[in-house]
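Visitor: I am new to this structure and should be grateful for a close look at a single part of it. Please begin with the chain as a whole and then turn to that part.

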Amino acid sequence: MSDTNQFDATTRAELSQFLEQQQAEARLNAQIHKFTGLCWDKCITGSVGSRFSRGEESCLRVNEQQGKSP
């Protein structure tokens, strides 16, 4: 990583906050990717087509509702 000492304190604080936000976004995206994969593996049993089967839709809907906070 490059040396941030060339920036004033305000700029360093802004850079630090920006990096923290980007890292949080990356962690969130990784979790979304993981959960999408888990749901796909659990619910999608047939070949990929233009529509989900009735059972697949039901499974995805149930898993979506279980993931929501009360």
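How much area does the protein chain expose, and what share of it do carbon and sulfur atoms supply? After that, please describe the loop between H1 and H2 and its surroundings.

Guide: The model shown here is predicted. The protein chain exposes about 6,300 Å², and carbon and sulfur atoms supply 53% of that area. Its secondary structure consists of two helices and zero strands. Of its 70 residues, 7% count as buried.

The loop in question runs between helix H1 (9-43) and helix H2 (54-67), and Val48 lies in it. Val48 counts as exposed because its relative accessibility is 67%, and the cut-off for that class is over 50%. Phe52 lies in the loop between H1 and H2 as well. With a relative accessibility of 37%, Phe52 is classed as partly exposed. Together with Trp40, Val48 and Phe52 make a nonpolar surface patch of about 320 Å².

Leaving aside residues up to four places away in sequence, Phe52 touches Trp40, Ile44, Glu57 and Leu60. Trp40 is thus both a contact of Phe52 and a member of the patch.

Glu56, found in helix H2, also touches Ile44, along with Cys43, Thr45 and Gly46, again not counting residues up to four places away in sequence. Glu56 is buried yet forms no salt bridge. The nearest side chain of opposite charge to Glu56 is that of Arg51, 9.4 Å away, whereas a salt bridge requires a separation within 4 Å.

Terms used:
Residues numbered from 1 in each chain as written. Predicted model: local features only at pLDDT ≥ 70, side-chain atom pairs only at ≥ 80, totals over all residues. Heavy atoms only, no water. Patch = residues over 30% accessible without salt bridge, like charges linked within 9 Å, V, L, I, M, F, W, Y side chains within 5 Å. Areas by Shrake-Rupley, 256 points an atom, 1.4 Å probe, with all protein chains shown as cover. Helix = DSSP H or I, 4+ residues; strand = E, 2+ residues; numbered from the N terminus. Buried < 20%, exposed > 50% of the residue type's maximum accessible area, 1.4 Å probe, protein only. Lys, Arg positive; Asp, Glu negative; His and termini not counted. Contact = heavy atoms within 4.5 Å.
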